[in-house]
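This report describes a protein structure in terms of its nonpolar core, strand pairing, salt bridges and surface. The sequence and coordinates are shown first.

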Amino acid sequence: VIQEQRLTSMEEALRTVPGITFSAGEGGQQGDSPIIRGFPARGDIFRDGIRDPGWYTRDLFSVDRVEVYKGPSAFAFGRGSTGGAINSVSKLPTGATYVEGVATGTSSGGYRFELDASGKKDNVSARIGAMYQDVPTPDRNPVGAKRWGVAPSVKVDFTPQTKVYFSYVYQGEESV
């Protein structure tokens, strides 16, 4: 669904899942504020199984898939609310070699560029994702969002059973 609909943020992706709604910034909160089955899930957002407590809008440029667990999130993560948990899984090296780019534009003059490149040499695979967007909100000057990010990752195969991954994600944003 993420690829078919060109969804770019966690909120857009989660709006396709029944039982999830979003608060509208009540209480001065910003960023992703999902509500699963009526329970706030702000503290139940994970990245690769590790809690992501950030107060920011999560972009999907570096995400392979989004997993939603409904029910008490403590069953899988050892803690959490009654509603459920959300886990985003990072794009990691697969050993394939490719360069893929996507450019999109909006009628209001906004644009977005994404890059996903991967390669392999001997026992080392690498992948990098990058993104830049500048999207104004139509008829609401100066409301808009500039967002950028980079996500490099490296996999080293020592033996068929022993692999080491190194990954990093940086995302920045200027928005009103």
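A nonpolar core is a set of buried Ala, Val, Leu, Ile, Met, Phe, Trp, Tyr and Cys residues joined through side-chain atoms within 4.5 Å. Buried means under 20% relative accessible area, exposed means over 50%, and partly exposed lies in between (1.4 Å probe, protein chains only). The model is predicted, with local features requiring pLDDT of at least 70 and side-chain atom pairs counted only at pLDDT 80 or more, while totals for chains, interfaces and linings use all residues. Residues are numbered from 1 along each chain as its sequence is written, and side-chain values use heavy atoms, with hydrogens and water left out.

**Core**

The largest nonpolar core consists of seven residues, namely M10, L14, I20, F22, I36, A41 and I86. Two or more residues of this core come from each of α1 and β1; helices (H or I, at least four residues) and strands (E, at least two) are DSSP runs, numbered from the N terminus. Leaving aside residues up to four places away in sequence, F22 touches E11, L14, R15, S33, P34 and I35, where contact means heavy atoms within 4.5 Å.

**Strand pairing**

An open sheet is formed by three strands in the order β1-β2-β3, with antiparallel pairing. Its edge strands, β1 (20-22) and β3 (39-40), each pair on one side only. Two strands are taken to pair if DSSP finds at least two bridges between them. Strand β2 (residues 34-36) pairs with β3 over two bridges in the antiparallel sense, and I35 is placed opposite P40 in β3.

Elsewhere, β8 and β9 are antiparallel partners over eight bridges. They form a hairpin with five residues between them, and G109 in the turn has a positive phi of about 95°. G105 stands opposite Y111 in β9. Strand β8 (residues 98-105) is hardly covered, since the count of buried residues among its eight residues is zero.

**Salt bridges**

The whole structure contains twelve salt bridges, each defined as a side-chain nitrogen of Lys or Arg within 4 Å of a carboxyl oxygen of Asp or Glu. Three of them are tabulated with their N to O distances.

| Acidic residue (relative accessible area) | Basic residue (relative accessible area) | N to O distance |
|---|---|---|
| E114 (18%) | R6 (36%) | 2.7 Å |
| E11 (25%) | R15 (53%) | 2.3 Å |
| D116 (9%) | R127 (12%) | 2.8 Å |

The salt bridge between E114 and R6 links distant parts of the chain: E114 lies in strand β9 (residues 111-121) and R6 in the segment before α1 (10-14), 108 residues apart. E114 counts as buried, whereas R6 is partly exposed. In the E11 and R15 pair, E11 is partly exposed and R15 is exposed. The pair of D116 and R127 joins strand β9 to strand β10 (residues 124-136), the two residues being eleven residues apart. D116 is buried, and R127 is also buried. Through shared partners, salt bridges connect R6, D59, R112, E114, R147 and E173 into one network.

**Surface**

I128, V150, Y168 and Y170 make a nonpolar surface patch of about 350 Å². Patches comprise residues with over 30% relative accessible area and no salt bridge, with like charges joined within 9 Å and nonpolar side chains (Val, Leu, Ile, Met, Phe, Trp, Tyr) within 5 Å. Accessible areas come from the Shrake-Rupley method with a 1.4 Å probe, and for residues only the protein chains shown count as cover. Within this patch, Y168 is located in the loop between β12 (163-167) and β13 (170-175).
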